[in-house]
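Colleague: Please take one part of this model and examine it closely, then work outward from there to the surrounding framework. I should like a connected account rather than a list.

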Amino acid sequence: MKISENNVILQVDNVDASYGESKVLFDICLKLKSRERVAIVGRNGAGKTTLLKCIAGFVKPTRGTIVYDGMNIVGKRPFEIARLGLKYVHQDKGVFQDLTVKENLELSSYATGDYNWDRVFEYFPKLKSLINRKGANLSGGEKQMLMIGRAILGNPKVLLIDEPTEGLAPGIVNDLAAVFCELSKASALIIVDQNLSFVSKIAQRVYAVKEGRIVSEIKDEQSIKEAAYSCYL
Ligand SMILES: Nc1ncnc2c1ncn2[C@@H]1O[C@H](COP(=O)(O)OP(=O)(O)OP(=O)(O)O)[C@@H](O)[C@H]1O
Ligand SMILES: [Mg+2]
């Protein structure tokens, strides 16, 4: 692992992104240290998912650099970036409906053959009891566990997780907060979420995005919740 001296595993500098003629991200700069938990908050349509997609290789920035583990990954394809240990958990809970939980999990690490089953079942014991169930027959919360389980099966260095608490019951949200704090002992996390009480529980730093721009970076734990609200005004 080529982590730089100040422990930065991911650094985004001056990134712009567009869909056709429509510019969505403007001069985005952020960094993530190894084993850090950072959240990105902002209104619907602010550009949060687009930012994660740029990092994961699904959207190619029109300007800027994204340096992961010492290399500029702009222009690399999503599967190449995933193989390097940077995994993206999509906002839509897109599990394979006709495949079982086990098959869904296996597919994610097919390319690298890197299967850390113990780690997945340690964090999500419920997945073990659902191992032969088809994706189509899982509840929303179970699908979310499967999506995250899929991403952690291969021991990623960085996990990007888009709206993990969307549609989940409060009890599951609390469990997820504990899981993320555990996960960050081995992987750095960027979590996009609109649930600010969840964000204030897990995040060590927060970037607030408004209309495609980072409008503030909040480092002070005490004020994370309060300050994060400002980007919704
Ligand atoms: N594939 C696409 N083609 C064209 N425009 C898009 C596409 N995907 C997103 N957009 C637009 O880009 C802007 C940013 O969208 P994005 O999905 O990044 O926002 P978001 O902050 O994740 O919102 P949400 O909180 O609703 O998930 C929005 O105006 C959206 O309509
Ligand atoms: Mg989104």
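**The magnesium site and its surroundings**

Modeller: In this predicted model, Gln91 has a relative accessibility of 25% and is therefore classed as partly exposed, since that class runs from 20% to 50%. Gln91 is a suitable starting point, as its OE1 atom is one of the protein donors of the magnesium ion, ligand 2. The other protein donor is OG1 of Thr49, and the two donors lie 2.0 to 2.4 Å from the ion. Thr49 belongs to helix H1, whereas Gln91 is in the loop between strand S6 (86-89) and helix H3 (101-108), so the pair ties together parts that are 42 residues apart in sequence.

The setting of the two donors can be compared through their burial. Thr49 is among the buried residues of H1, while Gln91 is partly exposed. Helix H1, which spans residues 48-56, is mostly covered, with eight of its nine residues buried. Besides Thr49, the buried residues include Lys48 and Thr50 at the start of the helix and Cys54, Ile55 and Ala56 towards its end. Leu51 and Leu52 are buried as well. After H1 comes Gly57, which has a positive phi near 95°.

The start of H1 also borders ligand 1. Thirteen residues surround that ligand, and the closest are Gly45, Lys48, Thr49, Thr50 and Gln194. Thr49 therefore has two roles in this description, because it is a donor to the magnesium ion and lies in helix H1; it is also listed with the closest residues of ligand 1. Three polar contacts with oxygen atoms of ligand 1 come from residues ahead of the helix. A polar side-chain atom of Asn44 is 3.0 Å from an oxygen atom of the ligand. Gly45 and Gly47 contribute through the backbone: a polar backbone atom of Gly45 lies 2.8 Å from a ligand oxygen, and one of Gly47 lies 2.9 Å from a ligand oxygen.

Beyond the site, the next element to consider is an open sheet of four strands, ordered S2-S1-S4-S5 and paired antiparallel. Strand S2 (22-33) and strand S5 (71-72) are at its edges with a single partner strand each, so one side of each has no neighbour in the sheet. Strand S1 (residues 8-19) and strand S4 (residues 63-68) run antiparallel and are joined by five bridges. Along this pairing, Gln11 stands opposite Val67 in S4.

The pairing of S1 with S4 is accompanied by a side-chain link. Asp16 and Arg63 form a salt bridge at 3.0 Å, N to O. Asp16 is in strand S1 and Arg63 in strand S4, so the salt bridge ties together parts 47 residues apart in sequence. The two partners differ in burial: Asp16 is buried at a relative accessible area of 7%, and Arg63 is partly exposed at 39%. Both residues also belong to a network of salt bridges that includes Lys23 and Asp27.

A second salt bridge, between Asp69 and Lys157, has an N to O distance of 2.7 Å. This pair links distant parts of the chain, with Asp69 in the loop between S4 and S5 and Lys157 in the loop between H6 and strand S7 (158-162), 88 residues apart. Asp69 is buried at a relative accessible area of 5%, whereas Lys157 is partly exposed at 24%.

A third example joins Glu217 and Arg205, again side chain to side chain, at 2.8 Å, N to O. Glu217 is in strand S10 (residues 213-218) and Arg205 in strand S9 (residues 205-210), so parts twelve residues apart in sequence are tied together. Here the acidic partner is the partly exposed one, with Glu217 at 38% relative accessibility and Arg205 buried at 8%. The count of salt bridges comes to nine.

Helix H6, which precedes the loop of Lys157, offers a last point of detail. Met145 is found in this helix, which covers residues 140-152, and is buried with a relative accessible area of 14%. Leaving out residues up to four places away in sequence, Met145 touches Phe124, Lys126 and Leu127. Its C-alpha is 15 Å from that of Lys87, a residue 58 positions away in sequence.

Conventions:
Residues are numbered from 1 along each chain as its sequence is written. Chains are lettered from A and ligands numbered from 1 in the order in which they are written. This is a predicted model: local features need pLDDT of at least 70, side-chain atom pairs count only at pLDDT 80 or more; totals for chains, interfaces and linings use all residues. Side-chain values use heavy atoms; hydrogens and water are left out. Two strands pair if DSSP finds at least two bridges between them. Buried means under 20% relative accessible area, exposed over 50%, partly exposed in between (1.4 Å probe, protein chains only). Contact means heavy atoms within 4.5 Å. Donors are N, O and S atoms within 2.8 Å of the metal (3.2 Å for Na, K and Ca); water is not among the atoms, so sites may look incomplete. A salt bridge is a side-chain nitrogen of Lys or Arg within 4 Å of a carboxyl oxygen of Asp or Glu. A residue is near a molecule or strand if one of its heavy atoms lies within 4 Å of it. A polar contact is a pair of N or O atoms within 3.5 Å; within protein, one must be able to donate a hydrogen and the other to accept it, and residues adjacent in sequence count only if both atoms are side-chain atoms.
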